[in-house]
Each structure stands twice: as structure tokens, then as C-alpha cells.
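Here are some notes for a colleague who is opening this structure for the first time. They are best read with the model on screen, one point at a time.

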Amino acid sequence: MLSFGWYFYYGLTLSKVNPVLFVNRLDFTRNILMLTNLQGMLLKYFWLRVSFDVIYCLLPILLAFAVLKEKYYTKWVVVVTILYNMCYGIFMASFTYISLDLYIAWFYVPFVFYPNTAKGYYFSFHSIRIVFLLIFFTAGIWKIRTGAIFNTDQMSGILLLQHKQYLAGNPSNWFSQLVYFLVQHSYYSYVLYLLGTIAELAFIIGFFTKKYDKWLMVAFLLFFIADYFLMRINYSNWMVFAGLLYFSQLKKEKYEI
């Protein structure tokens with residue numbers, strides 16, 4: 001709800017973007033969804049866009065209620081929540097510049113509550129934890145694979161690409177001056193890029209032990225803060241992943257009924 005409030009405030013929800021066209025990509029899931037022509041209906045009807053936003057907000061509340069009250073329909077709520085969040089994320093990525101990656105957490109985390117036994121919950125919890133660790137670790141590996149980590153001008157180029165419109169419109173702003181400084185002093189920006197890559201690679205520790213999950217959570221939060229401050233990318237949806245690291249050291253016996 002907090003992340004949705006942030007997006008709503010900045011006009012980044014379906015009811016606020018007032019889309020005039022959509023962008024499709026070479027993606028099988030996206031193209032299957034486009035065959036329904038929902039994108040055309042969303043472009044045409046404001047009430048439908050509002051409805052999509054309202055349902056997006058209400059589904060997590062319904063899921064929390066179903067889990068806490070141990071309702072028999074919890075599995076169905078989990079499935080609907082995951083599928084709906086995928087649709088919502090795809091449409092937002094099609095109508096705006098927002099990346100589908102921002103919604104990934106809500107594709108996976110609801111699955112934690114799918115099992116109806118304590119043992120099943122325990123294993124689904126740690127399965128999604130492994131998925132999260134894998135996402136971060138492979139991001140670091142990809143930087144090595146592409147050679148980006150060996151390019152000292154990589155971060156400078158990313159900053160220019162990310163903020164080119166802001167820099168053109170606000171050249172004397174304090175943030176623009178900071179970006180200019182990091183671009184002109186590429187070694188400083190490269191150090192930030194290197195630290196971020198090391199933090200991503202450090203998540204390999206989580207594959208072998210849960211002992212350091214609290215430290216990985218701190219690294220994740222610092223990465224999130226730095227990404228928001230420097231790149232102006234809001235990954236607040238991913239904060240739910242922090243809970244997987246925070247509670248990961250609970251013993252299996254705690255889940256037993």
C-alpha cells in the first residue's frame with residue numbers, strides 16, 4: 001500500500017497515467033495478454049483503469065485476511081493475486097517507462113502462502129528466499145559476463161542515460177551538480193558501481209547458510225536507498241523481500257502445528 005501510494009502521488013498508476021498508446025515487446029506472456037485487447041479497453045475507459053488500481057490495492061488486503069483467518073479459499077486468492085499482479089505490471093510497463101522488474105516481488109512472494117500445511121509453508125518460504133538471492137547474485141554475475149564491471153566509465157554512462165532529461169531541464173539543481181560531478185570524476189562513480197556489484201555477488205553466501213541473512217538484508221536496504229537516491233528508481237515493492245531475510249532463521253520447528 002505504501003509503494004502504491006508513492007506511485008499514485010507521482011502519477012504512476014493506471015488511473016493517473018492517462019495513456020494514449022501502449023508499447024509491446026517480444027515477450028510471449030505479454031503477447032498472450034494483448035490478444036484479449038484489454039490494453040485497448042484500458043486506453044479507452046477511465047473507470048476500468050481506476051478499477052484495476054483498486055483491485056491491485058485490495059488483493060493484498062484480501063490475501064492477508066485469508067491467511068490470518070486460515071480461510072479455505074486462500075490458495076485461490078494466492079493464484080489470483082499472482083496472475084493479477086503480473087497483468088498489472090505488464091500493462092504499467094506497456095503504458096509507461098516503468099520497468100516490469102519493479103513488480104517482480106509481487107509475482108513471487110504471494111506463493112509463500114499457497115501451502116496449507118506448516119511444513120509446506122516453511123519450504124515455500126525458503127524457496128522464494130532462494131529465488132530472491134538468485135536474482136541479486138545473477139545481477140552481479142551479469143555485470144562480469146558483459147564486462148561492465150571492467151569499464152571504469154560504466155556508471156558515468158548509466159547516470160547520463162538515466163538522467164539526461166532531468167539534467168537538460170535542471171542544469172543548476174543540486175542533484176544535477178552531483179550527477180555532473182560523478183560523470184566528470186568517473187572513478188568515484190565507478191567505486192559506487194563496484195561496491196554495488198560486490199554487494200550483489202555477496203548474496204551467494206545465502207545459498208549456503210542463513211547465518212548472515214540479517215547482514216544481507218542490510219546490504220539490500222543500502223542498495224535500495226542508493227538506487228533510489230542516485231538512479232531515482234523506486235524499488236519499494238521489493239521491500240517485501242527483506243522479510244524473507246529477516247525471518248529466515250526461524251527454526252523449522254516454529255512452523256510445526
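1. A good place to begin is Phe-208, which sits in the loop between helix 11 (186-201) and helix 12. The model is a predicted one, and in it Phe-208 counts as exposed, with a relative accessibility of 70%. Phe-208 also belongs to a nonpolar patch on the surface, where it is joined by Ile-204, Ile-205, Tyr-212, Trp-215, Val-218, Leu-222 and Ile-225. Together, the residues of this patch have about 850 Å² of accessible area.

2. Turning to the interior, the largest nonpolar core holds 41 residues, and among these Tyr-88 and Phe-203 touch the most other members. Two or more residues are given to this core by each of helix 1 (2-9), helix 3, helix 5, helix 6, helix 7 (105-108), helix 8, helix 12 (213-231) and helix 13 (239-246).

3. Which residues does Phe-203 contact, once its neighbours within four places in sequence are left aside? The contacts are Phe-132, Leu-133, Phe-136 and Phe-137, together with Leu-216, Phe-220 and Leu-245. Apart from the largest core there is a second, separate core of 12 residues, including Phe-175, Leu-182, Tyr-193 and Met-231.

4. Helix 8 spans residues 118-145, and two of its residues are worth viewing one after the other. Ser-124, which has its place in helix 8, counts as buried because its relative accessibility is 5%, under the 20% limit. If residues up to four places away in sequence are not counted, Ser-124 touches Phe-111, Val-112 and Pro-115.

5. Trp-142 lies in helix 8 as well, but this residue is exposed, since its relative accessible area of 56% is over the 50% limit. Although Trp-142 and Thr-197 are 55 residues apart along the chain, their C-alpha atoms are separated by 9.6 Å.

6. Two backbone angles deserve a look, beginning with Asn-37, whose phi is near 65 degrees, a positive value in a residue other than glycine. Asn-37 is found in the loop between helix 3 (28-34) and helix 4 (38-44), and with a relative accessibility of 43% it counts as partly exposed.

7. The other angle is that of Glu-70, where phi is near 55 degrees, again a positive value in a residue other than glycine. Glu-70 is placed in the loop between helix 5 (46-68) and helix 6 (74-95), and its relative accessible area of 69% makes Glu-70 exposed.

8. How many disulfides does the model contain? The count comes to zero. Cys-57 is in no disulfide, and the nearest cysteine sulfur, which belongs to Cys-87, is 16 Å away; Cys-87 is likewise in no disulfide, with the sulfur of Cys-57 as its nearest cysteine sulfur at 16 Å. A pair of cysteine sulfur atoms has to lie within 2.5 Å to be a disulfide, so the 16 Å between the sulfur of Cys-57 and that of Cys-87 rules this pair out.

9. Are these cysteines buried, exposed or partly exposed? Cys-57 counts as buried, at 12% relative accessibility, whereas Cys-87 is partly exposed, with a relative accessible area of 24%.

Conventions: Residues are numbered from 1 along each chain as its sequence is written. This is a predicted model: local features need pLDDT of at least 70, side-chain atom pairs count only at pLDDT 80 or more; totals for chains, interfaces and linings use all residues. Side-chain values use heavy atoms; hydrogens and water are left out. Buried means under 20% relative accessible area, exposed over 50%, partly exposed in between (1.4 Å probe, protein chains only). Helices (H or I, at least four residues) and strands (E, at least two) are DSSP runs, numbered from the N terminus. A nonpolar core is a set of buried Ala, Val, Leu, Ile, Met, Phe, Trp, Tyr and Cys residues joined through side-chain atoms within 4.5 Å. Contact means heavy atoms within 4.5 Å. Patches are made of residues with over 30% relative accessible area and no salt bridge: like charges are joined within 9 Å, nonpolar side chains (Val, Leu, Ile, Met, Phe, Trp, Tyr) within 5 Å. Accessible areas come from the Shrake-Rupley method with a 1.4 Å probe; for residues, only the protein chains shown count as cover. A salt bridge is a side-chain nitrogen of Lys or Arg within 4 Å of a carboxyl oxygen of Asp or Glu.
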